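Please look over the model shown here. How do its sheet, helices and pocket fit together?

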Amino acid sequence: MAREKGGFWVGLSAVMFYPFTWAVSRWRIEGLEHIPATGSALVVANHISYVDPLYSAVFVHRARRVPRFLAKASIWKVPVAGWTMAGSGQIPVYRDSADAQQSLRAGVEALRNGKLVVIYPEGTITRDPAGWPMQSRTGVARLALSSDIPVLPMVHWGTREVYDHYNGKKFRPIPRKEVVVRCGPPLDLSAFAGRPIDAALLREATDFMMTAVRDLLAEVRNEPAPADFYRRSRAAGGPVEGDAAS
């Protein structure tokens with residue numbers, strides 16, 4: 001099977017990301033067979049550490065695909081990182097602004113062009129002290145329902161032991177940590193097909209997808225998942241009902 005072409009910046013990222021992930025962790029890749037060899041796909045993942053995208057990217061790249069992330073637009077202003085994001089075809093997200101809908105349109109366009117898009121619907125690292133997913137923004141539902149595409153749940157576990165941003169901003173590369181990244185089979189979204197897309201439907205579809213992510217994480221952790229999603233207050237900048245973009 002031929003590898004999807006990614007160009008110079010994807011190749012450069014691979015040269016950096018592969019050694020990093022293997023240097024700081026003993027990590028397991030599970031469910032790689034669920035990534036389609038060609039065509040559109042939306043990967044919906046939990047987010048527990050700022051190093052998650054490195055593992056997500058290597059995972060997808062191991063499947064011979066090029067990941068396109070929806071990521072905070074501020075990254076494009078960082079030297080080198082911004083050049084890499086732009087050169088590799090990543091999608092900037094302008095949260096809480098007039099450009100938020102444009103971000104979603106760019107994501108929809110990428111999917112319609114046969115790309116594989118990765119999204120962290122929580123919009124930021126989870127603030128749940130136990131590391132379970134928070135209630136998520138509904139932009140992921142707009143992407144998932146934009147066309148008939150495979151929607152795949154993915155989870156990371158152990159990456160917070162590598163870098164824990166909200167508990168002392170600790171980067172702990174030694175000793176190597178146990179990390180698991182697992183992808184599940186495509187979700188059945190047929191219950192949402194043909195229904196008017198409104199705020200209630202977007203919330204229902206978002207919670208359905210994130211419940212699948214949460215259940216997959218429970219399997220990896222080998223412990224029961226909480227019944228409800230952790231909620232952040234509006235003042236804390238968390239996702240609230242009706243948010244358009246992730």
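This report goes through confidence, the sheet, the helices and the pocket in turn.

## Model and confidence

The model is predicted. Mean pLDDT for the protein chain is 89. A value of 70 or more is reached by 90% of its residues. Residues 238–246 fall below 50 in pLDDT. In the model, that stretch still has 36 contacts beyond near neighbours in sequence.

## The sheet

Seven strands form an open sheet with mixed pairing. Their order is β1-β9-β6-β2-β5-β3-β4. The edges belong to β1 (25–30) and β4 (91–93). Each of these has a single partner strand, so one side of each is left without a neighbour in the sheet. On average, neighbouring strands are turned by 20° against each other, direction ignored.

At the β4 edge, β3 (residues 67–72) pairs with β4 in the parallel sense. Three bridges hold this pairing. Leu-70 stands opposite Ile-91 in β4.

## Strands β2 and β6

β2 has parallel pairings with β5 (residues 116–119) over four bridges and with β6, also over four bridges. Val-43 appears in both: it stands opposite Val-118 in β5, and its bridge partner in β6 is Leu-152. Burial is high in β2, where five of its five residues are buried. Ala-41, Val-43 and Ala-45 point one way from the strand. Leu-42 and Val-44 point the other way.

β6 is mostly covered as well, with six of its seven residues buried. Its pairing with β9 is antiparallel and counts four bridges. Within that pairing, Trp-157 stands opposite Val-180 in β9.

## Helices on the sheet

Which strands does α7 lie across? Helix α7 (residues 199–221) lies across β2 (41–45), β6 (151–157) and β9. It runs at about 40° to β6.

## Helix α2

Is α2 largely enclosed or left open by the rest of the structure? Nine of its eleven residues are buried, so α2 is largely enclosed. The buried residues include Asp-52, Leu-54, Tyr-55 and Ser-56. Ala-57, Val-58, Phe-59, Val-60 and His-61 are buried too. Just after α2, Arg-64 takes a positive phi of about 70°.

## The largest pocket

The largest pocket has a volume of about 860 Å³. Its lining counts 34 residues. Which of them lie nearest the centre? They are Pro-53, Leu-54, Ala-71, Ile-75 and Met-85. Leu-54 is also one of the buried residues of α2.

Several elements contribute to this lining. α1, α2 (52–62), β3 and α3 (81–87) each supply at least two residues. The most comes from α1, with six residues. The pocket thus draws on α2, a helix with nine of eleven residues buried, and on β3, the strand that pairs with β4.

## Summary

The sheet is open, with seven strands in mixed pairing. β2 and β6 are both mostly covered, and four bridges join them in parallel. Helix α7 lies across both of these strands and β9. The largest pocket takes lining residues from three named helices and from β3, among them six residues of α1. For any use of the model, residues 238–246 are the stretch with pLDDT below 50.

Notes: Residues are numbered from 1 along each chain as its sequence is written. This is a predicted model: local features need pLDDT of at least 70, side-chain atom pairs count only at pLDDT 80 or more; totals for chains, interfaces and linings use all residues. Side-chain values use heavy atoms; hydrogens and water are left out. Two strands pair if DSSP finds at least two bridges between them. Axes are lines fitted to C-alpha atoms, for helices over the stretch in contact, and angles run from 0 to 180 degrees between N-to-C directions. Contact means heavy atoms within 4.5 Å. Buried means under 20% relative accessible area, exposed over 50%, partly exposed in between (1.4 Å probe, protein chains only). pLDDT is the predictor's confidence in each residue, from 0 to 100. On a 1 Å grid over the protein atoms alone, a cavity is a set of points where a 1.4 Å probe fits but cannot get out, and a pocket is an open set with protein on both sides within 12 Å along at least five of seven lines; lining residues have an atom within 4 Å of a point. Grid points are joined across faces, edges and corners, and a volume is the space filled by probe spheres set on the points.
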